[in-house]
Amino acid sequence: MLAMDVSAVMRPFVEAVWNDRDDLVRAVAATVTTRLVSYGASPSSEVWIGMNRILERSILGDSFGVPTEADRDAAYGTGVQGAAAGIATEDLTAAVLLGARVVEASVMERAAQAGVDAETRLEAMVRARAWAEQIAVWAAEGLGKAARRAADADQAAAELLTALRERRDPGLIRALGDRAGVDLSARWFAVVARSAGGGFVVDAATLRFSHSGAGVWVGEQDVLVGLVNSRPRPVGALVIGSSRPGTLSDLADALSDAERACRVAVKLSGPGVHSLDDLGLLVPMFEDPLLGERLRRRWLDPLRADDRHDLVDTVRQWQGSGWSIDGAGRRLSVHPNTVRNRLSRVDALLGGGWRAPSAQAEIWAALATVGSTVDG
């Protein structure tokens with residue numbers, strides 16, 4: 001049977017499968033993510049956009065004929081997106097072939113039910129597999145080229161960040177910025193991220209993808225350092241230190257500020273995005289442990305002397321509710337009058353000056369270094 005005859009015979013069954021493409025995409029996704037580690041771990045939807053390109057080519061093109069330039073473009077695009085998502089080459093090629101098998105099984109089942117003879121189905125299967133194998137080769141080539149470009153960009157980014165940290169000559173830094181694709185006349189946020197728990201690899205990849213095309217990054221073991229053009233957003237268990245935005249003359253200090261904020265927040269604040277401005281008194285408390293000890297001794301130790309009530313947490317929840325008696329009562333699950341009575345006891349232990357703004361700032365900082373018995 002001629003190639004055109006095979007394509008013509010199988011076309012209605014291919015189109016029928018495409019009409020149920022939601023089920024098809026779910027089936028392909030389930031097969032690929034359960035069998036291939038890097039697909040299962042990738043936080044990026046871009047890899048599925050790439051896979052859908054190939055699925056579309058298998059329908060809109062002729063997956064029983066000779067692969068075309070359009071097929072090659074789709075395969076290369078999938079490879080590029082796979083590289084950006086951290087997909088391994090062997091997983092990419094396996095994903096293409098696994099996806100092809102899912103499509104093939106559905107098409108052949110429909111053809112068999114319609115009475116297409118075994119010889120035609122076998123010929124169609126051989127040609128479809130040859131088509132899929134060529135697509136997999138092209139996708140791997142696209143991934144390889146993109147990965148090499150990414151490695152070059154990572155090297156340029158590492159050299160740029162090193163030069164900024166070392167406060168090298170501005171002319172050299174501008175040249176490195178050009179190599180890394182960073183316009184240093186624009187305003188950039190310096191970012192340093194560490195993990196407060198597990199999942200650093202996936203969380204770091206998510207942070208990078210959220211600024212894809214708008215920054216440079218360098219991964220250093222369990223630390224991610226970068227420059228981005230907008231304030232980062234919280235991601236998973238990452239503790240993210242962020243600077244104020246700045247241009248070339250500001251970026252060395254910005255990197256130092258972001259690292260400092262991250263270091264403090266890892267110990268005293270936890271996951272989220274933090275700047276030195278946000279952290280306030282926590283910065284000197286972290287950098288001068290004796291200050292923290294002095295504030296705890298001044299403001300918290302007297303409250304612990306009253307073992308009838310948890311006055312420390314009462315003050316914490318009163319502050320956390322915006323100094324609201326009713327709000328603190330809801331947080332502590334007690335009547336507002338109980339909160340009033342406890343705060344009167346705090347007055348007796350600390351003196352009336354503890355309610356002054358300067359004292360409240362010190363108490364807030366002291367409370368940030370100790371645990372709470374009430375969430376929120």
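Leaving aside neighbours within four places in sequence, with which residues is S243 in contact? In the predicted model, S243 is in contact with F189, A190, A254, D257 and A258 once those neighbours are set aside. The residue is placed in the loop that runs between β4 (238-242) and α10 (251-268). Its relative accessibility is 4%, and S243 therefore counts as buried, the cut-off being under 20%. A polar atom of the S243 side chain lies 2.9 Å from the backbone nitrogen of A190, a residue that also appears among the contacts of S243.

A second serine, S230, is found in the loop between β3 (223-228) and β4. With a relative accessibility of 29%, S230 counts as partly exposed, because this value falls between the limits of 20% and 50%. When residues up to four places away in sequence are not counted, S230 touches F189 and H211. The separation of S230 and F189 is 41 residues along the sequence, whereas their C-alpha atoms are 6.5 Å apart in space. F189 is thus listed as a contact of S230 and also as a contact of S243.

The strands that border these loops belong to an open sheet of 5 strands, arranged in the order β2-β3-β1-β4-β5 with mixed pairing. The edges are occupied by β2 (215-220) and β5 (272-274); each has a single partner strand, so one side of each is left without a neighbour in the sheet. From one strand to the next, the twist averages 20°. The pairing of β4 with β5 is parallel and comprises 3 bridges. Within this part of the sheet, V239 stands opposite G272 of β5.

The helix that follows the loop of S243 is also placed against the sheet. Helix α10 lies across β1 (189-195), β3, β4 and β5, and runs at about 25° to β1. Three of the residues in contact with S243, namely A254, D257 and A258, fall within the range of α10 (251-268), while F189 and A190 fall within that of β1 (189-195).

Confidence in the model was also examined. The mean pLDDT of the protein is 85, and a value of 70 or more is reached by 93% of its residues. Over residues 372-376, however, the pLDDT is below 50, and this stretch has 10 contacts in the model beyond near neighbours in sequence. Where pLDDT is low, the predicted coordinates should not be read in detail.

Note on methods:
Residues are numbered from 1 along each chain as its sequence is written. This is a predicted model: local features need pLDDT of at least 70, side-chain atom pairs count only at pLDDT 80 or more; totals for chains, interfaces and linings use all residues. Side-chain values use heavy atoms; hydrogens and water are left out. Helices (H or I, at least four residues) and strands (E, at least two) are DSSP runs, numbered from the N terminus. Buried means under 20% relative accessible area, exposed over 50%, partly exposed in between (1.4 Å probe, protein chains only). A polar contact is a pair of N or O atoms within 3.5 Å; within protein, one must be able to donate a hydrogen and the other to accept it, and residues adjacent in sequence count only if both atoms are side-chain atoms. Contact means heavy atoms within 4.5 Å. pLDDT is the predictor's confidence in each residue, from 0 to 100. Two strands pair if DSSP finds at least two bridges between them. Axes are lines fitted to C-alpha atoms, for helices over the stretch in contact, and angles run from 0 to 180 degrees between N-to-C directions.
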